[in-house]
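Okay, thanks everyone for coming. Let me put the structure up on the screen, and then I'll walk you through it.

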Amino acid sequence: MAEKCKTCRHSTGNVGELIVYVRPGCPRLSIINGVMCSSKMRCKECKSWKEDEEMKRLTKWIDNGIARYAVPLTNIKIIGYGQCCTQLARYENTGMTPEQVIEMQMEWAAMKAAHTRWIPVTERLPEEDGRYLVTFSNGTRSTVGYGTCRITVFGSPIGHGWYNLHEGSYYADGCIIAWMPFPEPYKE
């Protein structure tokens, strides 16, 4: 059986000595210099591996140091011209150019990375009001609210920012140094 990293639905099929180039959605995805990848070691330990049954690759990428080009993975005469055309048609039915597919993959990876890392408050604040995980300047972590809290003066809210969910009081500027949205709920 081929290595998991070559047959996984998350793999692009391009595998080096240490690195596996992956698609968006890979649970072991890292972005290095704008490239979605994982390590072979992490792929071996991955419990989300599933063989790519829907779209088996017909080609692989070769990089000889001068140029990068695609070559057939199998003898096309064996699998048949029709199957090759079927897979090409699946891609063409997306209506996307290769550049658009790559752009979509990069946007997906950036969106995923933005939702799985601590974001310094100096970088940006949440776009939506709600509950967030935060790190305080003393290193402790907690769940707090961001937006307009329930404390009002004569029925009008007194501000907008980070607030204690239990007391409804705002935190002082500089008190919270980073935040993170909640991950998606667990699904079986």
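**Strands, sheets and cores**

So, let's begin with one pair: Ile 31 stands opposite Met 36 in strand 4. That pair belongs to the contact between strand 3 and strand 4, which run antiparallel and are joined by three bridges. Before I go on, please keep in mind that this is a predicted model.

Strand 4 has another partner as well. Strand 2, residues 19-22, pairs with strand 4, residues 35-39, again in the antiparallel sense and over three bridges. If you want a residue to click on there, take Tyr 21, whose bridge partner in strand 4 is Cys 37.

Now zoom out a bit. In what order do the four strands of this open sheet come? They run 1-2-4-3, with antiparallel pairing. Strand 1 (11-15) and strand 3 (30-32) sit at the edges with a single partner strand each, so one side of each has no neighbour in the sheet. As for the twist, neighbouring strands here are turned by 45° against each other on average, ignoring direction.

Okay, next sheet. This one is also open, with five strands in the order 7-13-8-9-12, and the pairing is antiparallel. Its edge strands are strand 7 (119-120) and strand 12 (161-163), each of which pairs on one side only. Inside the sheet, strand 8 and strand 9 pair over six bridges, in the antiparallel sense. Have a look at Gly 130, which stands opposite Tyr 146 in strand 9.

Hold on to Tyr 146, please, as we meet that residue again in the cores. In soluble globular proteins, nonpolar side chains tend to be buried together. Which residues make up the largest nonpolar core here? There are nine: Ile 119, Tyr 132, Val 134, Phe 136, Val 144, Tyr 146, Trp 162, Ile 176 and Trp 179. At least two of these residues come from each of strand 8 (130-136), strand 9 (141-147) and strand 13 (176-180). Strand 8 is the top contributor, giving three residues. Then there's a second core, separate from that one, with eight residues, including Cys 5, Val 20, Leu 29 and Ala 109.

One residue I'd like to single out is Ile 62, found in strand 5 (residues 59-63). Is Ile 62 buried, exposed or partly exposed? Its relative accessibility is 25%, so Ile 62 counts as partly exposed. Leaving aside residues up to four places away in sequence, Ile 62 touches Ala 67, Arg 68, Tyr 69 and Val 71. There's also Asn 14, 48 residues away along the chain, and the C-alpha atoms of Ile 62 and Asn 14 are 8.4 Å apart.

Last, the overall numbers, for those of you who like descriptors. The protein has five helices and 13 strands. Of its 188 residues, 24% are buried. The accessible surface comes to about 13400 Å², and carbon and sulfur atoms account for 56% of that. And if you take contacts between residues at least 6 apart in sequence, 39% of them join residues at least 24 apart.

That's my tour, so over to you.

Notes. Residues are numbered from 1 along each chain as its sequence is written. This is a predicted model: local features need pLDDT of at least 70, side-chain atom pairs count only at pLDDT 80 or more; totals for chains, interfaces and linings use all residues. Side-chain values use heavy atoms; hydrogens and water are left out. Two strands pair if DSSP finds at least two bridges between them. Helices (H or I, at least four residues) and strands (E, at least two) are DSSP runs, numbered from the N terminus. Axes are lines fitted to C-alpha atoms, for helices over the stretch in contact, and angles run from 0 to 180 degrees between N-to-C directions. A nonpolar core is a set of buried Ala, Val, Leu, Ile, Met, Phe, Trp, Tyr and Cys residues joined through side-chain atoms within 4.5 Å. Buried means under 20% relative accessible area, exposed over 50%, partly exposed in between (1.4 Å probe, protein chains only). Contact means heavy atoms within 4.5 Å. Accessible areas come from the Shrake-Rupley method with a 1.4 Å probe; for residues, only the protein chains shown count as cover.
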